[in-house]
Amino acid sequence: FTVDIMALSDAFESCKVEPVTEGKDGEATHIVAASTGGWKTTSFFIDSSGHSTFDLPLNLSFDSKEKLDEFLKSKCLNPAPKNLVEDESSNAENDESSSVDASLGFEIKSFSVDEYKNVVVECVNVAECLVEDTTLQFVLKVTVRASNHQIESLNNDGDSLNSSDLSVVTNLEVVPVLTIKENANEKDSSPIPDPMTLEMAATPQYMRKAKLVSAKEVRLSPINLNLCLTHAFTISVNSVDGPTIGNTLISLIIRHSNSHQEKVTISNISMHPGHSRYKTVSDQNQNMSGEQYSVTNMTQSVQWGYAPKTQLDLPLTLNPHDAYATILTVNASEEVQGRSFISPVSVTGVIGSTSVPDVDSGSSEQKHVVVAADAMWSTGLIAVEPTDAFRIDMNVQSSNVVLGEPMVVSLNIFNLSLEACDLMLLMAKDEDNAEEEATSKHKAVNAAIISEVDGYKFGVWGISGEDDGTVKLIRDNELLAMDAALMLGKVQGQHAVEAQLRFVPLREGRLQVPNWKLYDRAAGTWYTCYHNLTIVATAKA
């Protein structure tokens with residue numbers, strides 16, 4: 001049997017197309033009826049490019065089983081229905097006898113509501129096709145892209161932006177189109193001239209039969225779909241300099257966008273120094289969005305992680321009006337110069353379920369979205385070659401410093417030279433000529449209790465009985481240094497040694513840790529360590 005073009009066209013024109021608003025299990029899909037007529041749905045931006053992909057379930061209903069069979073005989077469905085089983089001999093007979101090439105497609109046009117936020121349709125694919133009684137069930141995967149969708153900033157009070165600022169709206173027109181192509185040469189029975197009869201090596205081009213194809217399009221009535229593109233969640237990023245050179249603290253706040261009611265599961269947080277952009281000093285005060293810089297891979301120079309006790313327990317669930325915050329630490333160093341860079345910080349989220357259940361099993365599919373923002377960080381200068389200096393890393397062991405209780409500052413002292421040294425560490429209590437200006441009473445207060453062991457002197461500073469509480473010149477009124485000197489011993493070149501300094505906070509609030517000096521007994525050289533390490537002391541609970 002052959003496919004009748006007129007019967008095929010009539011069968012398709014009798015169809016009724018409409019979106020699926022309810023799955024097999026009775027669960028509502030993301031397609032809902034609009035109060036103004038037609039349908040509406042919501043989709044989420046999958047990344048910062050403005051792309052969004054959503055599933056569009058459609059039903060194509062025929063008047064009768066006979067018209068559906070006539071339509072299926074044309075083999076115009078790609079992919080073919082998964083639950084359609086046909087006899088192979090019948091398929092071969094159809095292929096030999098049919099001279100009609102038909103295909104079913106779906107045309108989707110976008111009509112943007114806001115001209116400044118234009119939406120274009122980039123791709124339409126038929127993901128699934130099933131036959132159910134006299135109905136063909138389709139699931140279309142539609143990919144669109146919106147322009148000017150970026151979130152400029154958050155409100156000054158930290159609240160989320162309005163839904164109109166977070167969303168892009170467009171109207172889609174969906175039209176099923178049946179294209180029928182017929183080979184016109186099948187009707188031409190005139191013979192082709194024999195080249196040998198014409199004494200020619202081959203048939204001339206003008207004597208050959210051209211492949212003539214006639215095409216016909218059959219369109220159904222369009223359905224109108226109002227599409228709202230929105231952000232699943234938002235993030236805000238702020239950077240400040242850390243306590244040491246080359247250290248940056250990045251505040252990251254993750255908020256539910258509140259433009260929808262879906263739960264969002266945050267599954268990953270990441271910084272990408274491999275996509276760093278160099279930022280000059282003159283540009284640091286300018287807005288980072290919209291600026292173009294050459295991309296530099298700074299992965300080898302950067303170590304990033306979470307500040308103590310701020311790491312989020314992933315995965316975590318964001319409900320409407322929820323927000324979470326964390327602090328990222330970036331330690332970076334360079335051998336040439338200290339510079340500032342901009343790198344993306346990304347947060348990956350999973351929408352609990354797409355609104356379209358699987359046509360076959362009714363299961364829900366998860367949708368992944370990535371939100372990114374730019375964070376600024378700086379590098380610290382390290383020695384290019386061996387040099388007569390030391391690199392000292394300082395760390396307060398306890399995160400909770402209590403007034404009147406001992407605290408420990410850990411030191412890691414790295415010898416940058418190639419020569420070995422014999423080090424001692426001494427607290428730098430006296431600055432410049434302060435000792436010469438101090439009275440005997442002042443000296444008594446600031447003098448350490450000295451003890452000598454094997455020729456080495458050690459001391460501990462305490463509060464002298466002669467102190468009447470009025471001496472404020474040289475004495476440390478913030479932190480009581482319990483260690484006057486430490487014997488560090490021999491440190492080989494390009495090696496490190498660790499030490500600990502003990503202090504007792506004497507008042508509440510932010511306290512400056514005093515400077516200290518290193519003395520190399522082998523070379524007789526003094527090295528002064530200046531830093532800006534501070535702690536915050538609190539009263540005992």
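## Cavities, a large-volume pocket and the strands around it

The second largest cavity holds about 30 Å³ of space. Here a cavity is a set of points on a 1 Å grid over the protein atoms alone where a 1.4 Å probe fits but cannot get out, and a volume is the space filled by probe spheres set on the points, which are joined across faces, edges and corners. This is a predicted model, in which local features need pLDDT of at least 70 and side-chain atom pairs count only at pLDDT 80 or more, while totals for chains, interfaces and linings use all residues. Residues are numbered from 1 along each chain as its sequence is written, and side-chain values use heavy atoms, with hydrogens and water left out.

**Cavities**

- There are two cavities of 30 Å³ or more by this rule.
- Around the second largest one you will find C76, L77, N78, P79, L104, F106, V126 and F138, where lining residues have an atom within 4 Å of a point.
- That lining has seven nonpolar residues, one polar and no charged; Ala, Val, Leu, Ile, Met, Phe, Trp, Tyr, Cys and Pro count as nonpolar, Asp, Glu, Lys and Arg as charged, and the others, Gly among them, as polar.

**The largest pocket**

- The largest pocket has a volume of about 2000 Å³; a pocket is an open set with protein on both sides within 12 Å along at least five of seven lines.
- Of its 49 lining residues, P243, T244, N247, N331 and M394 are the closest to the centre.
- Elements giving two or more residues to this lining include β12, β18 and β22, and β22 gives the most, with seven. Strands are DSSP runs (E, at least two residues), numbered from the N terminus.
- The lining of the largest pocket divides into 25 nonpolar, 20 polar and four charged residues.

**Strand β12 and its partners**

- Seven of the ten residues of β12 (247-256) are buried (under 20% relative accessible area, 1.4 Å probe, protein chains only), so the strand is largely enclosed by the rest of the structure.
- β12 pairs antiparallel with β11 (233-241) over nine bridges; two strands pair if DSSP finds at least two bridges between them.
- S239 has I250 as its bridge partner, and G246 in the five-residue hairpin connection takes a positive phi near 85 degrees.
- Nine bridges also join β12 to the antiparallel β18 (323-334), with I254 opposite Y324.

**The four-stranded sheet**

- This open, antiparallel sheet has the order β22-β24-β30-β28.
- β22 (390-396) and β28 (479-481) each have a single partner strand, so one side of each lacks a neighbour in the sheet.
- β28 pairs with β30 (496-505) over three bridges, including L479 with P505.

Methods:
Buried < 20%, exposed > 50% of the residue type's maximum accessible area, 1.4 Å probe, protein only.
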